[in-house]
Each structure stands twice: as C-alpha cells, then as structure tokens.
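Trainee: I have a model open and would like to learn how to read it. Could you walk me through a few features?

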Amino acid sequence: MADRNPSHARATTRTFNANSFLRKLQTHTPNSAQVVGFLTLFISGSILLFLTGLTITATVLGLIFFTPLLIVSSPIWVPLGTVLFLTVAGFLSFCGFGVATVAVLSWMYRYFRGLHPPGSDRVDYARSRIYDTASHVKDYAREYGGYLQSKVKDAAPGA
C-alpha cells in the first residue's frame, strides 16, 4: 500500500535529499581561520569602499565650491603654475646633471688612477680596437697612397 501513495514516496525522497545536502554542507564548512580571513576581507573591503565614497564626495563638493574661485583667479594661477613648473624642472635637471657629472668625474678619476672601476675592461677593449683599426687604416693609406701617387704620375707625367 505504501507503493500506491506517491506523496509518501516524494516525502522520503525529499528527506533523503535534504540529509544528503546537509552532509555535503558539513563536509565543506570553513574552518575558523577561513572565517576570520573572510571577516577581515569583508571589513577591510567595507572600510575601503566607504573611504572611496568619502573621497569622491569630497572631490565633487570641492570642485563645486572652488571652481568659480579658480575660474576668476585663473589669470594669476596659469602663469604662476607655468613659472613654478619651469623653475622646479630646471632645478631638478640641474641637480640631475650635477650628480651625473660628479659620477662621471669620480669614475674617470678611479680609472686613471688604475683602480679599475666597473666597466673599465670595456673601455680598454674599445681603446685597443680603435688603435688596431687606426693602424690598419694607416697601413692601408700608405699602401694605396703610393699606388695613387704612381697613377697620378702616369696620368699627368709633367705634374
């Protein structure tokens, strides 16, 4: 008779599925470290979201209140900003070039004193290559210089 009552069969199936779901849920429950990590993430995310909203609100209100003042006083701010920018850029460039000059002079001092600063082997190699190339060019010029002199005398015997 239990087979003929379909509502009873559905109820046992639902109960079985609910029990199965609860068992699966219990096996996947987070441990306390995961819960604390989630709460930390949630709280810090909420604080950052609140601070972002506060910053955007303050920025918009500042623009609303100070835009007329900026527009009215812009004939003063634009030249002043340009002069300030050029002054700061010039000062930083001067300082940067000064530091670079001191570094180069320090390196050259150590190189000529024979203390072998970093990169001195490359300079020595380049110097030897330049010397070798110059000597080859000199030999080549002597060889072809005499050849050209004889050709000039052949072309213009009276010259």
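Trainee: What span should helix α3 have, and how far apart are its end C-alpha atoms?

Mentor: Keep in mind that this is a predicted model. For a helix, we count 1.5 Å a residue, so the 39 residues of α3, running from 74 to 112, should span 57 Å. The end C-alpha atoms lie 56 Å apart, which agrees. Just after α3, Gly 114 has a positive phi of about 85 degrees.

Trainee: Good, that is easy to follow. Is Ser 120 buried or exposed?

Mentor: Here we look at relative accessible area, and under 20% means buried. Ser 120 has 5%, so Ser 120 is buried. This serine belongs to helix α4.

Trainee: Which residues does Ser 120 touch, leaving aside those up to four places away in sequence?

Mentor: Those are Trp 107 and Tyr 111. Both numbers fall in the 74–112 range of helix α3. Closer along the chain, the Ser 120 side chain reaches the backbone oxygen of Pro 117 at 3.0 Å.

Trainee: Now charges. How many salt bridges does the count come to?

Mentor: For a salt bridge, look for a Lys or Arg side-chain nitrogen within 4 Å of a carboxyl oxygen of Asp or Glu. The count here is one. Arg 127 and Asp 124 form it through their side chains, with N to O at 2.8 Å.

Trainee: Why are Arg 127 and Asp 124 separated by about one helical turn?

Mentor: Because they sit three residues apart in helix α4, which covers residues 120–155. Asp 124 itself is partly exposed, at 31% relative accessibility.

Technical notes:
Residues numbered from 1 in each chain as written. Predicted model: local features only at pLDDT ≥ 70, side-chain atom pairs only at ≥ 80, totals over all residues. Heavy atoms only, no water. Helix = DSSP H or I, 4+ residues; strand = E, 2+ residues; numbered from the N terminus. Buried < 20%, exposed > 50% of the residue type's maximum accessible area, 1.4 Å probe, protein only. Polar contact = N/O pair within 3.5 Å; in protein donor to acceptor, adjacent residues only side chain to side chain. Contact = heavy atoms within 4.5 Å. Expected span 1.5 Å × (residues − 1).
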